Amino acid sequence: MTNTMDRRTLLSGAVLGTATLVGATAMGSLAPETAFAARAQNAEPGAPDPNFAEGRVTARDGSMILVSGSDGRFHRLRLTGGTSVWKLRPTTLDQVKVGDGLYARGVAMPDGTIAVESVWVNIVNLNVHVTAIGLNALYLDHKGSKIVGHVVPGTSAAVYNGKPAVSDMSMVKVGKHVQVIGAWRPDTNEIDVATIYAATA
């Protein structure tokens, strides 16, 4: 209870300009896998989580972002100096653009906005079949849809058999199924690979 109240107080203060936050990662992980973790529900069972938003960015005005959710709901997200942003890698608030898709977590405010602590931009989590491998590219099939996964030197990593992540992608094999977390290039069939999970057996 204390952590929730502290988080709410800090974010509320940041929105109102009475507190300065160094980074919201102190309140929770920005790891891309966290975006897909089970969300704590502060609402009635079956009701939407008031502290979570997803959808596409339709407008941006300074620190306010308008998002159209896939469920038809609209969200007003307020970014603060404490908002942590992931867009293939940890980045800055200015990288959130109109047309981007996102997942965001924060604290619902009395005015109907969400004070955002963490936002994952264009994040995808796909179980795919590797159909071909090229120079810094993986050609993938996701339920019949063809996807190009770009390997980004210095950023993309592979996790083999649950071991620590490495930059070496050489053990990813054609014909195998893998899980890919990455950043979608909006309105294309292309993603930039953050992490690929594969078995070597």
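This is a short dialogue on how to read a few features of a predicted model.

Student: Where do I start with a predicted model like this one? What is the average pLDDT of the chain?

Tutor: The chain averages a pLDDT of 83, and 78% of the residues score at least 70.

Student: Which residues stay under a pLDDT of 50?

Tutor: Start with the general idea: where pLDDT is low, the predicted coordinates should not be read in detail. Here, residues 1-8 stay under 50, and the model gives them six contacts beyond four places in sequence. Residues 10-27 are below 50 too, with 34 contacts beyond near neighbours in sequence.

Student: OK, on to aromatic rings. How many aromatic pairs does a search of the whole structure find?

Tutor: One. In general, a pair of aromatic rings is described by the distance of the centres and the angle of the planes. In this case the partners are Phe52 and Tyr103: their ring centres are 5.9 Å apart and the planes sit at 35 degrees, so we call the pair tilted.

Student: Which parts of the chain does the pair link?

Tutor: Distant ones: Phe52 belongs to strand E1 (residues 52-61) and Tyr103 to strand E6 (residues 101-108), with the two positions 51 residues apart.

Student: And Phe52, is that buried or exposed?

Tutor: Buried, because its relative accessible area is 6% and the cut-off for buried is under 20%. Tyr103, at 25%, counts as partly exposed.

Student: Let's try a polar side chain. What does the side chain of Asp141 make a polar contact with?

Tutor: With the side chain of Lys146, at 2.9 Å. Asp141 is in strand E9 (residues 137-142), and at 18% relative accessible area Asp141 is buried. Past the residues up to four places away in sequence, Asp141 touches Val128, His129, Thr131 and Lys146.

Student: What about Ser156, where is that found?

Tutor: In the loop between E10 and strand E11 (157-160). Being in a loop says nothing by itself about burial, so check the accessibility: Ser156 has a relative accessible area of 6%, and is buried.

Student: Which backbone atoms does the side chain of Ser156 reach?

Tutor: There are two to look at. The backbone nitrogen of Val152 is at 2.7 Å from the Ser156 side chain, and the backbone oxygen of Val193 lies 2.5 Å from a polar atom of that side chain. Setting aside neighbours within four places in sequence, the contacts of Ser156 are His150, Val151, Ser167, Met169, Val193 and Ala194.

Student: Now backbone angles. Which residue in the loop between strand E8 (123-134) and E9 has a positive phi?

Tutor: Asn136, in that loop, has a phi of about 55 degrees although it is not a glycine. Asn136 is partly exposed, with 38% relative accessible area.

Student: And what is the phi of Lys143?

Tutor: Also positive, about 55 degrees, and Lys143 is not a glycine either. Lys143 sits in the loop between E9 and E10. With a relative accessible area of 79%, Lys143 is exposed.

Student: One last residue: where is Ser145 found?

Tutor: Ser145 is in strand E10 (residues 145-151), and with 41% relative accessible area it counts as partly exposed. To place Ser145 against another part of the chain, take Asn189: the two are 44 residues apart along the chain, and their C-alpha atoms are separated by 8.3 Å.

Definitions and conventions
Residues are numbered from 1 along each chain as its sequence is written. This is a predicted model: local features need pLDDT of at least 70, side-chain atom pairs count only at pLDDT 80 or more; totals for chains, interfaces and linings use all residues. Side-chain values use heavy atoms; hydrogens and water are left out. pLDDT is the predictor's confidence in each residue, from 0 to 100. Contact means heavy atoms within 4.5 Å. Helices (H or I, at least four residues) and strands (E, at least two) are DSSP runs, numbered from the N terminus. Buried means under 20% relative accessible area, exposed over 50%, partly exposed in between (1.4 Å probe, protein chains only). Rings of Phe, Tyr and Trp (its six-membered ring) pair if their centres lie within 6.5 Å; planes under 30 degrees apart count as stacked, over 60 as edge-to-face and the rest as tilted. A polar contact is a pair of N or O atoms within 3.5 Å; within protein, one must be able to donate a hydrogen and the other to accept it, and residues adjacent in sequence count only if both atoms are side-chain atoms.
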